[in-house]
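Open the model in your viewer and keep the selection tool at hand. The tour moves from stop to stop, with a selection to make at each.

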Amino acid sequence: MKVPQHVAIILDGNGRWAKSKGMPRNYGHAQGSKNVERICEDAYKMGIKYLTVYAFSTENWSRPESEVSALMTLLRNYMKTCLKTAEKNRMKVRVIGDKTRLDEDIRIRIAELEEASKNNDGLNFTIAINYGSRDEITRGMRRMAQDIKDGKLDPSDITESSIEGYLDTAGIPDPDLLIRTSGELRLSNFLLWQLAYTEFYFTETPWPDFTKEELEKAIEKYNSRDRRYGGVKEE
């Protein structure tokens with residue numbers, strides 16, 4: 001079975017999963033966070049080189065204040081855990097998104113995590129926090145416009161490659177496979193530029209229940225696709 005080099009996952013269904021068990025939404029987010037660690041390890045053992053997860057979107061700020069506060073607390077704790085996991089598993093961690101809206105202590109922990117893991121040679125793990133693809137492209141184009149204004153870039157030299165260099169994901173290969181859990185069939189403003197030629201896999205399984213076996217199912221489906229022309233392979 002051919003394993004995709006880069007898998008991106010929209011982590012969906014934490015709140016609904018918790019509600020189905022008679023628990024508060026924050027419990028679902030906490031269990032979902034623990035599952036990220038498990039899937040990181042499973043993905044690397046399977047031969048996946050890059051894993052990108054959608055943890056907190058620019059739209060998530062509109063959720064109830066209590067839930068956002070709990071998510072930020074969870075994020076703080078996860079940064080500590082991820083630092084230990086990265087050291088243990090030689091994982092290289094990168095955070096994409098607009099960090100300016102995050103509290104200073106979270107930004108410091110992110111910087112410490114990225115610096116501590118930058119030379120690791122294991123799984124390349126990317127976490128999208130306060131991320132929205134339209135926001136990413138807007139920020140990137142502002143930097144490009146400034147470079148043109150400063151004479152650093154000529155408009156005639158703009159290419160797809162140069163545009164990619166202004167995105168948060170610069171230097172990271174585009175995903176081969178996108179997985180979205182919990183049954184939703186939309187991209188929710190995630191990696192719109194980068195997913196142009198990506199295979200999509202949607203599952204009803206909520207994120208806290210997403211296991212190594214579920215990941216294997218997604219990769220099996222990925223292998224049933226014809227990457228040259230698109231569409232299902234003929235028997």
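The stops below cover two helix pairs, one loop and a surface patch. Keep in mind that this is a predicted model.

**Stop 1: H3 and H4**

Select residues 65–89, helix H3, and residues 104–117, helix H4. How do the two axes run relative to each other? Their axes come within 10 Å and cross at roughly 15°. Angles under 35 degrees count as roughly parallel, so H3 and H4 are roughly parallel to each other. Now check the handedness. H3 passes H4 in a left-handed crossing.

**Stop 2: H2 and H7**

Next, select residues 25–46 for helix H2 and residues 212–223 for helix H7. The axes of this pair are 10 Å apart, and the packing angle is about 45°. That angle makes H2 oblique to H7. For the handedness, view one helix over the other. H2 passes H7 in a right-handed crossing.

**Stop 3: the loop between S5 and S6**

Move to strand S5, residues 177–180, and the loop that lies between S5 and S6. Two residues here deserve a selection.

Pick Asn189 first. Asn189 sits in this loop. Is Asn189 buried or exposed? Its relative accessibility is 15%, and buried means under 20%, so Asn189 counts as buried. Then read its backbone torsion. Phi of Asn189 is near 65°, a positive value, and the residue is not a glycine. Most residues other than glycine have a negative phi.

While Asn189 is selected, add Asp209 and draw a C-alpha to C-alpha distance. The two are 20 residues apart in sequence and 24 Å apart in space.

Now pick Leu191, in the loop between S5 and S6 as well. What is the phi of Leu191? Leu191 has a positive value of about 50°, although it is not a glycine. With a relative accessibility of 2%, Leu191 counts as buried.

**Stop 4: S6 and the nonpolar patch**

Follow the chain to strand S6, residues 199–202, and select Phe202 within it. How accessible is Phe202? Its relative accessibility is 30%, so Phe202 counts as partly exposed.

Keep Phe202 selected and add Leu185 and Phe200. Turn on the surface. Together, Leu185, Phe200 and Phe202 make a nonpolar surface patch of about 290 Å².

**Last look**

Show Leu191 and Phe202 together. Leu191 counts as buried, whereas Phe202 counts as partly exposed.

Technical notes
Residues are numbered from 1 along each chain as its sequence is written. This is a predicted model: local features need pLDDT of at least 70, side-chain atom pairs count only at pLDDT 80 or more; totals for chains, interfaces and linings use all residues. Side-chain values use heavy atoms; hydrogens and water are left out. Patches are made of residues with over 30% relative accessible area and no salt bridge: like charges are joined within 9 Å, nonpolar side chains (Val, Leu, Ile, Met, Phe, Trp, Tyr) within 5 Å. Accessible areas come from the Shrake-Rupley method with a 1.4 Å probe; for residues, only the protein chains shown count as cover. A salt bridge is a side-chain nitrogen of Lys or Arg within 4 Å of a carboxyl oxygen of Asp or Glu. Helices (H or I, at least four residues) and strands (E, at least two) are DSSP runs, numbered from the N terminus. Buried means under 20% relative accessible area, exposed over 50%, partly exposed in between (1.4 Å probe, protein chains only). Axes are lines fitted to C-alpha atoms, for helices over the stretch in contact, and angles run from 0 to 180 degrees between N-to-C directions. Angles under 35 degrees count as roughly parallel, over 145 as roughly antiparallel, 65 to 115 as roughly perpendicular and the rest as oblique. A crossing is left-handed if the near helix is turned anticlockwise from the far one by less than a right angle, and right-handed if clockwise.
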